[in-house]
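Biologist: Could you zoom in on one buried spot in this model and walk me outward from there? I'd like the packing around it, in plain words, and then whatever else hangs together with it.

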Amino acid sequence: MDSEFLFDCPHSAECGGCNYNNIPYVKQLEKKEGRIRGLFAKLPGYKSFKPEKIIRTAFPYHYRNKVHGVLGIKKSKIICGLYSEDSHRIVDVKDCLIEDEDASAVIAGVTELAGPFKYTVFDEDRERGFLRHVLVRVAYSGGSKKLLVVIVTAQKEFPRKNDFVKTLVKRFPMIETIISNYNPKRTSMVLSDNSTVIYGPGFIIDDMLELKFAISAGSFYQINHEGAEKMYSLAREFAGLTGKERVLDAYCGTGTIGMLMCEKAESVTGVELNESAVKDAIFNKKLNKIKNYRVVCADATKYLTGLNGEDTFDVVVMDPPRSGSTPAFIDAVVHSRVKRVVYVSCNPETLISDLKLFIKGGFKVIKAVPIDMFPGTEHVESIALLHRMSNTRERKITLDVETEDYHRIKNRTEVTADATE
Ligand code: SAH
């Protein structure tokens, strides 16, 4: 079966999306596992453990639940493809191996409808034209697939909007919602802040383990559903919760990891910088009727260093962006009551440099598992569990005793000490 996953895409050289193209999946897994092992070997105390076997994606094709197409003209025909690597030239990718096939079909469908609806295509150089990008996101709800479609346009007015929506939904009944996004600017950002829901509720709901999460046009959501479920389950197992712990879910996004831990925790606090992700997290909390999760919109380092003992945590779960966390964040964890850290990372290099700081601060890496969330590409996710070994936390104990009592206690201690001699 595995020998069938050859990743032999004919567009790869031009597109540049899959840099592990033409490498059979089994070999890709070996390469990623070897890279992680090599990096962990640089850690002090490495000899006491080795990263575990990589967790694979069962079916490594068509896993991408977020698919983007950019519209352009080639040989006087409207096409929708991907920007070639490091340029704004559009590659007309057909049958992409990693994109969700229904999402790709919707993008092709929108492209086909452009002609009959007499829609022009945006010309970047002349800054003229209507259709610019199509973005499709995929969710699974109650066992069926639901699609969110964003039509990015460079003109505010959407001609024959209702007709277009009706035609598209009739052709693709999986479409749950359509959003029109007005983005006339010269920018590499696909979406602007100017969105209007033109069909359905404006979001889709994804069943993730036993909870439900809303996915809106712009919020972060793991792009490989199967990989995310495996990763979140492992994060929960690593956290070792008994129902009594106070958990910090740092870099929480829309609250996925932390909310999945709520049932086994006393409380979970999410910290996230992006305002729209925080709004989604509040929505997700209500959607799942969770009482013991709260989310703070802040920079994770500023939040933790600014607590001044107001709040304490037993477990930290952290999932920072590619750049990793900060020495100040790690230092604040080291000088706190936190006993365990679960570190989820999409960049092994920054993971290793952050782990070195934790180790210096008295933590030990207990386990590490690579997870392949991005077949076909060199990217690899990892999850590491750290336990506090030595107590580097500053202890400040204030004894509030009267002088008379102090002498009584002191004398009694001495008497007891004498008696045992
Ligand atoms: N744990 C989430 C999201 C992880 S992606 C999930 O699995 O879905 C990393 C998140 O960190 C993003 O949502 C990003 O907006 C957020 N982020 C980036 N820099 C941050 C900072 N300095 N402080 C807090 N959050 C930050």
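Modeller: Sure, let's start at S382. Keep in mind that this is a predicted model. S382 has a relative accessibility of 2%, so this serine counts as buried, the cut-off being under 20%. S382 sits in strand β16, which covers residues 381-388. Who are its neighbours? Leaving out residues up to four places away in sequence, S382 touches I36, Y343, V344, S345, L351, V369 and P370.

Two of those names lead straight to a helix pair. I36 belongs to α2 and L351 to α10, and both take part in the contact between these helices. On the α2 side you also find R35, L39 and F40, while α10 brings in P348, E349, I352 and L355 as well. Sorted by class, this contact has seven nonpolar residues, two charged ones and no polar ones. As for geometry, the axes of α2 and α10 (residues 348-360) are 10 Å apart, at an angle of about 25 degrees. That angle is under the 35 degrees cut-off, so α2 and α10 count as roughly parallel. The crossing of α2 with α10 is right-handed.

For contrast, look at another helix pair, α3 (residues 101-114) and α4 (residues 161-171). Their axes come within 11 Å and cross at roughly 140 degrees, and the pair is therefore oblique. This crossing, too, is right-handed. From α3 the contact takes G109, V110, E112 and L113, and from α4 it takes F164, T167, L168 and R171. The mix here is four nonpolar, two polar and two charged residues.

Now the aromatics. With ring centres within 6.5 Å as the criterion, the count comes to 15 aromatic pairs. One of them is F5 with F59, an edge-to-face pair at 5.4 Å centre to centre with 80 degrees between the planes. F5 lies in the segment before α1 (12-15) and F59 in the loop between α2 (25-40) and β1 (66-74), so this pair ties together parts that are 54 residues apart in sequence. Buried or exposed? F5 is buried, at 3% relative accessibility, whereas F59 is partly exposed at 42%. Then there's F158 with F164: centres 5.7 Å apart and planes at 45 degrees, so that pair is tilted. Both rings' residues are buried, F158 at 10% and F164 at 0%. F164, remember, is also among the α4 residues that meet α3.

Back to F5 and F59 for a second: ring pairs link these two with F7, Y25 and Y61 into a cluster.

Stepping back, the protein chain has 11 helices and 16 strands. Of its 421 residues, 51% count as buried, and S382 is buried as well. The C-alpha trace spans about 100 × 45 × 40 Å along its principal axes. And among contacts between residues at least 6 apart in sequence, 67% join residues at least 24 apart.

Conventions
Residues numbered from 1 in each chain as written. Predicted model: local features only at pLDDT ≥ 70, side-chain atom pairs only at ≥ 80, totals over all residues. Heavy atoms only, no water. Axes fitted to C-alpha atoms, helices over the stretch in contact; angles between N-to-C directions. Helix = DSSP H or I, 4+ residues; strand = E, 2+ residues; numbered from the N terminus. Parallel < 35°, antiparallel > 145°, perpendicular 65-115°, else oblique. Left-handed = near helix turned anticlockwise from the far one by under 90°. Contact = heavy atoms within 4.5 Å. Nonpolar A, V, L, I, M, F, W, Y, C, P; charged D, E, K, R; others polar. Phe/Tyr/Trp six-rings, centres within 6.5 Å; stacked < 30°, edge-to-face > 60°. Buried < 20%, exposed > 50% of the residue type's maximum accessible area, 1.4 Å probe, protein only.
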